[in-house]
Every structure is written in structure tokens, then in C-alpha cells.
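The following exercises ask the reader to work through a protein chain step by step. Please attempt each task before reading its solution.

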Amino acid sequence: ALAMDVAELVGGREPESIEVGGEGAVARLVRTLTGASSRADRVPDVVVDTSGTAASAADALRRVADLGLVVIAAAVRDPAKLSLYADLHVRGLELVCLTPDRERGGVSGVDTTTLSATLSLVSPGGDLDPGAAWYRVGG
């Protein structure tokens, strides 16, 4: 549901102008829903960050074009330092932060084929597949 919310926010923009950072399930679904890539060929009008680090949030603010939109689609674990005046106001940026919560636990009608293809089943003590977006641990 978080990916659907992000896709709705950035909807109507050219996929080439959207950059979606991260390799997890939310990032992959947002890219599928919007047609965006993980790195734009030009200065992006929209940057979506799904990693949840203060450094990646700061990088998203630096990378986006003036008058652009930055969407942080994760709970940022560390305090993010930014200047409301210099980082947002002067450049005319819009910053939207969305986090996973119970109300965003799931949505019906979403094609999860891409997401299912990136699921890795792991046994306790087993090795993690570095290419997986998410993991299911079982016996």
C-alpha cells in the first residue's frame, strides 16, 4: 500500500523524470507502478527514497531539480539534518514523508508478480540472496 501511495503522489509525471532509489520491495513496486528507473538519465524532477537513512534522504534533496518533489517512503532511522530555508524554500522543493503503518499493510488489486519474483526463502542460519528484495525465513 505504501508503494501505491507513492505512485499516486508522483502520478502524471514522465517516468524519465522520476528516480526511485533502493532495492527493496517498496522501491521495486514503485518502479513497476510508475515506469521509473533507479537512476534518472538527467536531473530528476522527482526523487523517491526508500532506504530510510539520513544520508540517502540528504542525497535525494541534493539530486532533485529545483521546484522538484522528494518523497521519503521509509521511516528514517537517524535524524535527518536539513535547512528548511536553504534546502527547501530557496529551491522551491516539496518534501513528502510516508512511512509504513498498519493502515498501509496491504491493498487488494495490486499485481504482486514482480514482488513475488524477488522473494527469497531462507532457512534459519542459511545464506541470504543479495538480489532479493525481501525474505521469508522458515524451516
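**Exercise 1. Determine how strand β2 is joined to strand β3, and in which sense the two strands run.**

Solution. Step 1: in this predicted model, strand β2 covers residues 46-49 and is joined to β3 by 4 bridges. Step 2: the two strands run parallel. Step 3: one facing pair places valine 46 opposite leucine 69 of β3. Step 4: the path from β2 to β3 includes helix α3, residues 54-63, and β2, α3 and β3 make a right-handed β-α-β unit.

**Exercise 2. Find how many bridges pair β3 with strand β4, and in which sense.**

Solution. Step 1: strand β4 spans residues 94-98, and its pairing with β3 is parallel, over 5 bridges. Step 2: within this pairing, alanine 73 stands opposite leucine 98 of β4. Step 3: helix α4, residues 84-89, takes part in a right-handed β-α-β unit with β3 and β4.

**Exercise 3. Decide whether strand β3 is enclosed or open, using the burial of its residues.**

Solution. Step 1: a residue counts as buried when its relative accessible area is under 20%. Step 2: strand β3 consists of residues 69-73, and 5 of the 5 are buried. Step 3: Leu69, Val71 and Ala73 point one way from the strand, while Val70 and Ile72 point the other way. Step 4: residues on both sides are buried. Conclusion: because 5 of its 5 residues are buried, β3 is largely enclosed by the rest of the structure.

**Exercise 4. State how many residues of helix α2 are buried, and which they are.**

Solution. Step 1: helix α2 runs over residues 25-34, and 7 of its 10 residues are buried. Step 2: the buried residues are Ala25, Ala27, Arg28, Leu29, Val30, Arg31 and Thr34. Step 3: the helix is therefore described as mostly covered, with buried meaning under 20% relative accessible area. Step 4: just after α2, glycine 35 adopts a positive phi of about 80°.

**Exercise 5. Identify which residues are joined with Glu19 into one salt-bridge network.**

Solution. Step 1: the chain has 7 salt bridges by the rule applied here. Step 2: one of them brings together the side chains of arginine 39 and glutamate 19, at 3.4 Å from N to O. Arginine 39 belongs to the loop between α2 and β2, and glutamate 19 to strand β1 (residues 18-21), so this pair ties together parts that are 20 residues apart in sequence. Step 3: arginine 39 counts as partly exposed, at 47% relative accessibility, whereas glutamate 19 counts as buried, at 3%. Step 4: glutamate 19 also forms a salt bridge with arginine 63, where the closest N and O atoms are 2.6 Å apart. Since arginine 63 lies in helix α3 and glutamate 19 in strand β1, the pair ties together parts 44 residues apart in sequence. Arginine 63 is partly exposed, with a relative accessible area of 22%.

Step 5: a further salt bridge is formed by arginine 91 and aspartate 66, with closest N and O atoms 2.7 Å apart. This pair links distant parts of the chain, 25 residues apart: arginine 91 is in the loop between α4 and β4, and aspartate 66 is in the loop between α3 and β3. Aspartate 66 counts as exposed, at 53% relative accessibility. Conclusion: salt bridges with shared partners join Glu19, Arg39 and Arg63 into one network.

**Exercise 6. Establish which residues form a nonpolar patch on the surface.**

Solution. Step 1: Leu82, Leu84 and Leu95 form the patch, and together they have about 250 Å² of accessible area. Step 2: leucine 95 is placed in strand β4. Step 3: leucine 95 counts as partly exposed, because its relative accessibility is 30%.

**Exercise 7. Describe the chain as a whole: how many helices and strands does it have, and what share of its residues is buried?**

Solution. Step 1: the chain contains 5 helices and 6 strands. Step 2: along the sequence they follow the pattern α-β-α-β-α-β-α-β-α-β-β. Step 3: of the 139 residues, 36% count as buried. Step 4: the accessible surface of the chain is about 8200 Å², and 52% of this belongs to carbon and sulfur atoms. Step 5: among contacts between residues at least 6 apart in sequence, 55% join residues at least 24 apart.

Note on methods. Residues numbered from 1 in each chain as written. Predicted model: local features only at pLDDT ≥ 70, side-chain atom pairs only at ≥ 80, totals over all residues. Heavy atoms only, no water. Buried < 20%, exposed > 50% of the residue type's maximum accessible area, 1.4 Å probe, protein only. Contact = heavy atoms within 4.5 Å. Areas by Shrake-Rupley, 256 points an atom, 1.4 Å probe, with all protein chains shown as cover. Pairing = 2+ DSSP bridges. Right-handed = clockwise from strand over helix to strand, strands pointing away. Patch = residues over 30% accessible without salt bridge, like charges linked within 9 Å, V, L, I, M, F, W, Y side chains within 5 Å. Salt bridge = Lys/Arg side-chain N within 4 Å of Asp/Glu carboxyl O.
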